[in-house]
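Student: Hello! I would like to take a close look at a single part of this protein and then see how the rest fits around that view. Could you walk me through it?

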Amino acid sequence: ILLNWTVMILYNYFSAMFVGPGYVPLGWTPEKSQDCMYLQYCKVCQSYKAPRSHHCRKCNRCVMKMDHHCPWINNCCGYQNHASFTLFLLLAPLGCIHASFIFVMTMYTQLYNRISFGWSSVKIDMSAAKRDPRPIIPFGLSAFAASLFALGLALGTTIAVGMLFIIQMKVILTNKTSIESWIEEKAKDRIQYYQTGETFIFPYDMGSKWKNFKQVFTWSGIPEGDGLDWPVRDGCHQYSLTIEQLKQKADKRVRSVRYRAIEDYSGVCCPVTKGVKTFFTTPCTEEPRIALSKGELILATRGLKHWMYGEKILDSAADGGIRERGWFPRKCVEKCQYDSETEQPVDGEKKNR
């Protein structure tokens, strides 16, 4: 049985790794040209982002129904490998639970057979069993230490990977991804912030957990659809989610705050020269850091107490060039003052959460 667990775990693991999530074809455009106004354009892939797709910096491609980039499989979890990845998260804890049971029973049996009870003390002799004949596999002190270490790994894997499985099942039963759950939260926040009175309904939730489950898990192993067009619930538009993403992108520009670099920053994750608090509170994320030179302008969109995230405006940004985005220490920048030419407050004076 333990070997069967191992085979199924490795099969789903390598399937998630080598099958991949599926990528939006390079240069993809919707069938109707007027639908382009509802979609974001990816300058790297030179194509429009299909509904539910996102650009992955690690894979350098637009991933269909992207959930997240997993370093353990060195690939994204998305449309084609979502089922394999989730099954791996289920089977790994089950196999570890079985292995933990074997380790516990082995150590209990071996220790019980080596215990000697005296009048004043209890002694454990690891050299040989006292009650049973010599075991086929010798169980000494080193075997006990290895079994104890393996038990700790098995229990740790059960807890850690099991929690990831629960998170994945929650989003699957609502037919969402981790990114789409975050988009939905930002939609509620945007509506509450501006008091628009509109209601955002997630378009891909079929209203039934079983129907949502069948969107990912099928008997053939091939997920439904083609990864570009998706069924939506009644009353929702095919591009309801992408329209909300465009609104949030425009809102982010409005809320962005303009800063000017007052210190140089090399772009390291944990800068020693920027203070102890900055060093120990570095963001725990795969998002990049950006190097700063004194005098450069940055549009900050969000931040922590000692760190900020934003875009560094390059000379070619006005002509549609690429902007460098990432984290940087808060103490390296200062907020820009009023624009003397327009007598209007710059982005930093606009409403901010």
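Student: Leaving aside its neighbours within four places in sequence, which residues is Cys 269 in contact with?

Tutor: Happy to help! Please keep in mind that this is a predicted model. Once the neighbours within four places in sequence are set aside, Cys 269 is in contact with Thr 282, Arg 289 and Trp 307. To find Cys 269 in the picture, look at the loop between β9 (257-261) and α7 (276-280). One of its partners deserves a second look: Arg 289 is 20 residues away from Cys 269 along the chain, and the C-alpha atoms of the two are separated by 6.7 Å. Next, consider how much of Cys 269 can be reached from outside. Its relative accessibility is 45%, and the range from 20% to 50% is the partly exposed one, so Cys 269 counts as partly exposed.

Now for the wider setting. The protein chain has 353 residues, and 40% of them count as buried. Its secondary structure comes to 7 helices and 13 strands. Among the contacts with a separation of 6 or more, 62% are between residues 24 or more positions apart. The accessible surface of the chain comes to about 21000 Å², and carbon and sulfur atoms account for 60% of that surface.

For a buried residue to set beside Cys 269, try Ser 100, which lies in helix α2. Ser 100 has a relative accessibility of 7%, so it counts as buried. Apart from neighbours within four places in sequence, Ser 100 is in contact with Leu 151, Ala 154 and Leu 155.

That brings us to the helices. Two packed helices are described by the angle between their axes and the distance between the axes. For α2 and helix α3 (residues 141-173), the angle is about 150 degrees and the axes are 8 Å apart. The two helices are therefore roughly antiparallel to each other, and α2 passes α3 in a left-handed crossing. Sorted by class, the residues of this contact divide into 22 nonpolar, 8 polar and no charged.

Helix α2 (residues 82-112) also meets helix α1 (residues 2-19): their axes come within 9 Å and cross at roughly 155 degrees. These two are therefore roughly antiparallel as well, and α1 passes α2 in a left-handed crossing. On the α1 side, the residues that take part include Trp 5, Met 8 and Ile 9, while those on the α2 side include Phe 85, Phe 88 and Leu 91. This contact has 14 nonpolar, 5 polar and no charged residues.

Finally, return to the loops, where two residues have a backbone angle to notice. Arg 52 sits in the loop between β2 (47-48) and β3 (54-56). Its phi is near 75 degrees, a positive value in a residue other than glycine. With a relative accessibility of 1%, Arg 52 counts as buried. Lys 65 is in the loop between β4 (61-63) and β5 (68-70). Lys 65 is not a glycine, yet it has a positive phi of about 50 degrees. At 3% relative accessibility, Lys 65 counts as buried. Set these beside our starting point: Cys 269 is also found in a loop, but it counts as partly exposed.

Technical notes: Residues are numbered from 1 along each chain as its sequence is written. This is a predicted model: local features need pLDDT of at least 70, side-chain atom pairs count only at pLDDT 80 or more; totals for chains, interfaces and linings use all residues. Side-chain values use heavy atoms; hydrogens and water are left out. Helices (H or I, at least four residues) and strands (E, at least two) are DSSP runs, numbered from the N terminus. Buried means under 20% relative accessible area, exposed over 50%, partly exposed in between (1.4 Å probe, protein chains only). Contact means heavy atoms within 4.5 Å. Accessible areas come from the Shrake-Rupley method with a 1.4 Å probe; for residues, only the protein chains shown count as cover. Axes are lines fitted to C-alpha atoms, for helices over the stretch in contact, and angles run from 0 to 180 degrees between N-to-C directions. Angles under 35 degrees count as roughly parallel, over 145 as roughly antiparallel, 65 to 115 as roughly perpendicular and the rest as oblique. A crossing is left-handed if the near helix is turned anticlockwise from the far one by less than a right angle, and right-handed if clockwise. Ala, Val, Leu, Ile, Met, Phe, Trp, Tyr, Cys and Pro count as nonpolar, Asp, Glu, Lys and Arg as charged, and the others, Gly among them, as polar.
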